Amino acid sequence: MLSFHVITLFPELIGACCSVSIVSRGIKAGRISVKTYNPRDFCQNKYRKVDDTPYGGGAGMVLKPEPFFAAFESIERASLSPVVLMTPQGLPFKQDLAESLAQQKDITLICGHYEGFDERIRTLATHEVSIGDFVVTGGELPALTVIDAIARLVPGVIGKTISLARESFVDDVLEAPQYTKPPVFRGMEVPAVLLSGNHGQVERWRRQQSLRRTLERRPDLLEKAFLDDEDKKFISELSARKDLRSDA
Ligand SMILES: C[S@@+](CC[C@H](N)C(=O)[O-])C[C@H]1O[C@@H](n2cnc3c(N)ncnc32)[C@H](O)[C@@H]1O
């Protein structure tokens with residue numbers, strides 16, 4: 001059982017998204033839990049004020065350290081387990097971090113808002129992560145992205161764990177194209193090999209499509225992917241050809 005502890009000023013956002021789809025299924029199955037902690041509930045001041053003007057001047061409001069520290073200290077195992085601070089200044093969130101966090105029993109996520117947070121709140125974090133090179137209004141949607149990516153790796157959350165094995169970023173390659181019925185739709189045909197029933201050929205085709213797609217769209221991934229001799233030969237033949245998609 002993996003427990004997510006989310007420090008957020010907008011717990012309703014977290015609650016709404018965790019009540020549907022895979023995360024909700026994981027909660028119902030008792031594999032994960034998601035609890036929220038609102039720094040406003042930990043304010044000592046009369047007006048439950050969680051932010052203030054920045055020292056040195058400037059626009060916007062900055063989240064105060066006291067209510068965030070108090071919320072953090074109310075979580076029993078927070079200081080013994082990973083603490084993920086959501087920030088556009090963090091390292092890009094990647095599948096390998098999701099995989100390692102999925103092994104944990106407790107994870108605390110801290111969501112900022114407004115202009116950002118007092119620098120001292122950073123000292124609580126073991127990881128600072130960004131979901132991309134853009135700025136959203138608050139840390140809740142980034143935290144939900146992180147929760148979803150981790151939750152689906154927890155055994156028993158997704159029915160067939162085999163379906164995770166071929167996904168994009170597992171083994172540092174993108175997933176091969178997928179098809180379902182009908183075999184022909186508006187003139188677009190499912191590749192014949194997928195209808196052949198030949199398991200070996202299907203696997204080989206999938207591997208080659210994965211490599212091709214990764215080479216076209218994310219060649220950077222191939223630098224750390226595990227490639228056997230056959231993979232390397234295929235990639236070098238493909239690279240020598242000129243028919244890779246130019247719009248990829
Ligand atoms: C409006 S942003 C503040 C951005 C801050 N002024 C800066 O330039 O770094 C408010 C909060 O949203 C969250 N946030 C925004 N963009 C994010 C991203 N790309 N990844 C993770 N969290 C993000 C963070 O928690 C941040 O504190």
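Modeller: A residue counts as buried if 20 or more other C-beta atoms, placed from the backbone, lie within 10 Å of its own, as exposed if 12 or fewer do, and as partly exposed in between. Residues are numbered from 1 along each chain as its sequence is written. This is a predicted model, where local features need pLDDT of at least 70 and side-chain atom pairs pLDDT 80 or more, while totals for chains, interfaces and linings use all residues.

Biologist: Is Y114 buried, partly exposed or exposed?

Modeller: Y114 sits in the loop between β6 and β7. Strands and helices here are DSSP runs numbered from the N terminus (E, at least two residues; H or I, at least four). Y114 has 14 other C-beta atoms within 10 Å, so its class is partly exposed.

Biologist: What is the phi of Y114?

Modeller: Most residues other than glycine have a negative phi. Y114 is not glycine, yet its phi is positive, near 55 degrees.

Biologist: Which residue in the loop between α6 and β8 has a phi near 80 degrees?

Modeller: The residue is partly exposed, with 17 other C-beta atoms within 10 Å. Its phi is positive although it is not glycine. In the loop between α6 and β8 lies F169.

Biologist: Which residue does a cis peptide bond join to K181?

Modeller: Most peptide bonds are trans. Here omega is about 5 degrees, and the bond is cis. The partner of K181 is P182.

Biologist: In what order do the strands of the open sheet stand?

Modeller: Strands pair if DSSP finds at least two bridges between them. The sheet has 5 strands, and the pairing is parallel. β2 and β7 each have a single partner strand, so they stand at the edges. The order is β2-β1-β6-β5-β7.

Biologist: How many bridges join β1 to β2?

Modeller: The two strands run parallel. One bridge pairs H5 with K35 in β2. The number of bridges joining β1 to β2 is 6.

Biologist: Which residue of β6 is the bridge partner of I7?

Modeller: β1 and β6 run parallel, joined by 5 bridges. L85 has a bridge partner in β6 too, I110. For I7, the partner in β6 is I110.

Biologist: How many of the 6 residues of β1 are buried?

Modeller: β1 is largely enclosed by the rest of the structure. That is because the buried residues among its 6 number 5.

Biologist: Which residues of α3 are buried?

Modeller: Helix α3 covers residues 65-73. Its buried residues pack against β1, β2, β4 and β6, where contact means C-beta atoms, placed from the backbone, within 7 Å. The buried residues of α3 are P67, F68, A71 and F72.

Biologist: How wide an arc do they cover around the axis?

Modeller: The arc is taken from the directions from the helix axis to the C-beta atoms. The buried residues lie on the same side of α3, because their arc is only 135 degrees.

Biologist: Which strand gives the largest share of the shell around the ligand?

Modeller: The ligand is surrounded by 20 residues, each with its C-beta atom, placed from the backbone, within 6 Å. The closest are M86, P88, G112, G139 and P142. The largest share, 4 residues, comes from β5.

Technical notes
Contact = placed C-beta atoms within 7 Å.
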